Amino acid sequence: MCENYHIPVLLDECVRHLNIKKDGVYCDFTLGGAGHFEKIAQNLGKNGIAIGIDRDLTAVERAKNRDFAAQCKIILEQSNFSQFSEILQKNNIEKIDGILMDLGVSSHQFDEGERGFSYRNDAKLDMRMDRSKEKTAADFINFADENELTRILSEFGEVRNPQRMSKKIVSARKIKKIETTREFVSILNEEYGELKNGVLSKVFQAFRIAVNGELEELKIALKNSLDFLNVGGRIVALSYHSLEDRIVKNFLRENSKTCVCPPEIPKCVCENKAKIKIITRKSITATNKEILNNRRARSAKLRCGERV
């Protein structure tokens, strides 16, 4: 069983949409607490391969100490998932049959207060998923110029009037470097009064995405997946906010097109071939029962596409 700090979201739906073959090769791009990975591995036979990737070394080390009670070969690697091709090459794997992406920050990263992912705990403004990387959230908050702060808050947090918040951050850091989550929240509350949790979540999300390059990682991984998925292989993506979901949705839609000719051309001349068949016409969401048992499931959206 998975550890009690991690309840995998939409577990049965993820496994069902991967359409697992006993002797297939399946890659979990976001190992986290390994709840999804465990279920994938247990659905494979002795000739199957389960690959787990996470940029967080803690997640990989925890998984290496687990007994997954699976017959298949298990490969666990620390890496950004945009670089999954290097792991496949390292292990002499040319093609895979399925990819799972459980996007965003994992449950245990939120729960480890010292990592600085949550405004609910007082900690250093870190937010690095891979702690070997140099640049932290504090670096962005204290040294990015006002325009860059505005862009981060707008693009990655969809914060209203991001210029006002950027000006406050720049003004505050001139007096004293902003080092902890509590200091950061206090500075924002000076400007706005007590901010609602939803707004703080968006602000922290914005800087977390900037620190970890999450959206670019996702775009690269999706694009490269087309080169490695076998025909009939599937991509299953779980997203937790509109930015991730939009990228996944657009990727599936664009690669499912059979024609990319301009609309003014009356007859198709492009000879484009679809690369993906969309399996989920609408995103799949958690039931009320699952949400009651796992609050993280409340915003989850599952989308699936199949390589053609």
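This dialogue looks at one strand and one helix in a predicted model.

Trainee: Let's begin with strand β7. How many of its seven residues are buried?

Mentor: First, the cut-off. Buried means under 20% relative accessible area. In strand β7, residues 301-307, six of the seven residues meet it, so the strand is largely enclosed by the rest of the structure.

Trainee: Which strands are joined to β7 by bridges?

Mentor: Start with the general idea. In a regular strand the side chains alternate between the two faces of the sheet. Now look for the partners here. Strand β5, residues 229-239, is joined to β7 by six bridges, and the two run antiparallel. In that pairing, Ala-237 stands opposite Arg-303. Strand β6, residues 276-278, is joined to β7 by three bridges, again antiparallel. There, Ile-276 stands opposite Arg-307.

Trainee: Now helix α7. What span should its twelve residues have?

Mentor: Use 1.5 Å a residue, counting one less than the number of residues. For α7, residues 146-157, that gives 16 Å; the end C-alpha atoms are 16 Å apart, which agrees.

Trainee: Which residues of α7 are buried, and what do they pack against?

Mentor: The buried ones are Leu-149, Thr-150, Ile-152, Leu-153, Phe-156 and Gly-157. They pack against α6, α8, α10, α11 and α12.

Trainee: What is found at the start of α7, and what follows the helix?

Mentor: Take the start. A side-chain oxygen of Asp-145 comes to within 3.2 Å of the backbone nitrogen of Asn-147. After the helix comes Glu-158, with a positive phi near 50°.

Key
Residues numbered from 1 in each chain as written. Predicted model: local features only at pLDDT ≥ 70, side-chain atom pairs only at ≥ 80, totals over all residues. Heavy atoms only, no water. Buried < 20%, exposed > 50% of the residue type's maximum accessible area, 1.4 Å probe, protein only. Helix = DSSP H or I, 4+ residues; strand = E, 2+ residues; numbered from the N terminus. Pairing = 2+ DSSP bridges. Contact = heavy atoms within 4.5 Å. Polar contact = N/O pair within 3.5 Å; in protein donor to acceptor, adjacent residues only side chain to side chain.
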